[in-house]
Amino acid sequence: METTNKIKAIITGATGMVGEGVLHQCLLSDKVEAVLVINRKPCGVTHPKLKEIIHADFFNLTSIQDQLDGYDACFFCLGVSSVGMSEEAYYKVTYLLTMHVAEILSRINPDMTFCYVSGGGTDSTEKGRSMWARVKGKTENDLMKLPFKQVFNFRPGFMKSFKGAKNTLSFYKYISWMYPIGRLIYPKGFITLEEVGKAMINTVNRGTGRWILDGKDIVAMAKE
């Protein structure tokens, strides 16, 4: 049964495309009471709901740890492309960094819902040929072992940005014309950042029977 508690959310990666979209939706939503973003550089957004912490080292949160208490959700949108990266380097910034932050949050806020932006094609077996898919799969699997209230792994494909977005990847700008066609013929793989943000917000109070959400699941969870 869905509750109506106002949400206090932590967002990472708000200077990236997905994080910017999720932040935008949280600031618009009357379901969200307060937002804390943790960034290495300013996100350039001001809002009465919003508090921002600029912090360079996500592997050492000691100096800001006291400010992380009292939040209902973490929307973890921090991530990098594996293109041109060794497996060791990608593992460090994808698995080790994510798990370090998540482990701290799970101790401070055990009643928290943790939403992790993974990716379509992630390998839950951790044994496939694709390096990034194995690393993402291990990250998903180990996040679900932490003592959070809930963990949701989001596996979006193509994501349409929103008007006025500052951090849309150039690749997405060039192929945005494909979105209406893709949504029609392959709805699982084509969603909007608005839907991603709304779905994350709705997981906190509504929950779902599925812990891995593909495009169609995200669209369904986004509906009011």
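Contact here means heavy atoms within 4.5 Å. That cut-off applies to the helix contacts in the views below, and the model they come from is a predicted one.

**View 1. Helices α2 and α3 side by side.** With the cut-off in hand, here is who touches whom: Glu87, Tyr90, Tyr91, Thr94, Tyr95, Thr98, Met99 and Ala102 on the α2 side meet Met131, Trp132, Arg134, Val135, Lys136, Lys138, Thr139, Asp142 and Leu143 on the α3 side. Sort that contact by class and you get nine nonpolar, three polar and five charged residues. Helix α2 covers residues 87-108, and it packs against α3 at an angle of about 15°, the axes being 10 Å apart. Angles under 35 degrees count as roughly parallel, and α2 and α3 are therefore roughly parallel to each other. Their crossing is right-handed.

**View 2. The open sheet, strand by strand.** Seven strands make up this open sheet, and the pairing is parallel. Reading across, the order goes β3-β2-β1-β4-β5-β6-β9. At the edges sit β3 (50-54) and β9 (212-213), each of which pairs on one side only. Zoom in on β2 (residues 32-39) and you'll find five bridges tying this strand to β3, the two running parallel. One residue to pick out in β2 is Val37, whose bridge partner in β3 is Glu52. Helix α3 (residues 131-143) packs on the sheet, where it touches β5 (113-117), β6 (150-154) and β9. The direction of α3 makes about 175° with that of β5.

**View 3. An aromatic pair between two strands.** The rings to look for belong to Phe76 and Tyr116. The count of aromatic pairs comes to five. One of them is Phe76 with Tyr116, a tilted pair at 6.2 Å centre to centre and 45° between the planes. This pair links distant parts of the chain: Phe76 belongs to strand β4 (residues 73-76) and Tyr116 to strand β5, and they are 40 residues apart.

**View 4. Helix α1 against helix α6.** Residues 17-28 form α1 and residues 193-206 form α6; the two pack at an angle of about 60°, with 8 Å between their axes. That angle makes α1 oblique to α6. The way α1 passes α6 is a right-handed crossing. From α1, the residues in the contact are Met17, Val18, Gly21, Val22, Gln25 and Cys26; across from them in α6 are Leu193, Glu194, Val196, Gly197, Lys198, Met200 and Ile201. By class, that's eight nonpolar, three polar and two charged residues.

**View 5. Helix α6 again, now with helix α7.** Here α6 packs against α7 (residues 215-222) at an angle of about 70°, with the axes 7 Å apart. That angle makes α6 roughly perpendicular to α7. This crossing is left-handed. On the α6 side the contact is made by Glu195, Val196, Lys198, Ala199, Asn202, Thr203 and Arg206, and on the α7 side by Ile218, Val219, Ala220, Met221 and Ala222. The class tally for α6 with α7 is seven nonpolar, two polar and three charged residues. Val196 and Lys198 are worth a second look: they show up in the contact of α6 with α1 and also in the contact of α6 with α7.

Definitions and conventions
Residues are numbered from 1 along each chain as its sequence is written. This is a predicted model: local features need pLDDT of at least 70, side-chain atom pairs count only at pLDDT 80 or more; totals for chains, interfaces and linings use all residues. Side-chain values use heavy atoms; hydrogens and water are left out. Axes are lines fitted to C-alpha atoms, for helices over the stretch in contact, and angles run from 0 to 180 degrees between N-to-C directions. Helices (H or I, at least four residues) and strands (E, at least two) are DSSP runs, numbered from the N terminus. Angles under 35 degrees count as roughly parallel, over 145 as roughly antiparallel, 65 to 115 as roughly perpendicular and the rest as oblique. A crossing is left-handed if the near helix is turned anticlockwise from the far one by less than a right angle, and right-handed if clockwise. Ala, Val, Leu, Ile, Met, Phe, Trp, Tyr, Cys and Pro count as nonpolar, Asp, Glu, Lys and Arg as charged, and the others, Gly among them, as polar. Two strands pair if DSSP finds at least two bridges between them. Rings of Phe, Tyr and Trp (its six-membered ring) pair if their centres lie within 6.5 Å; planes under 30 degrees apart count as stacked, over 60 as edge-to-face and the rest as tilted.
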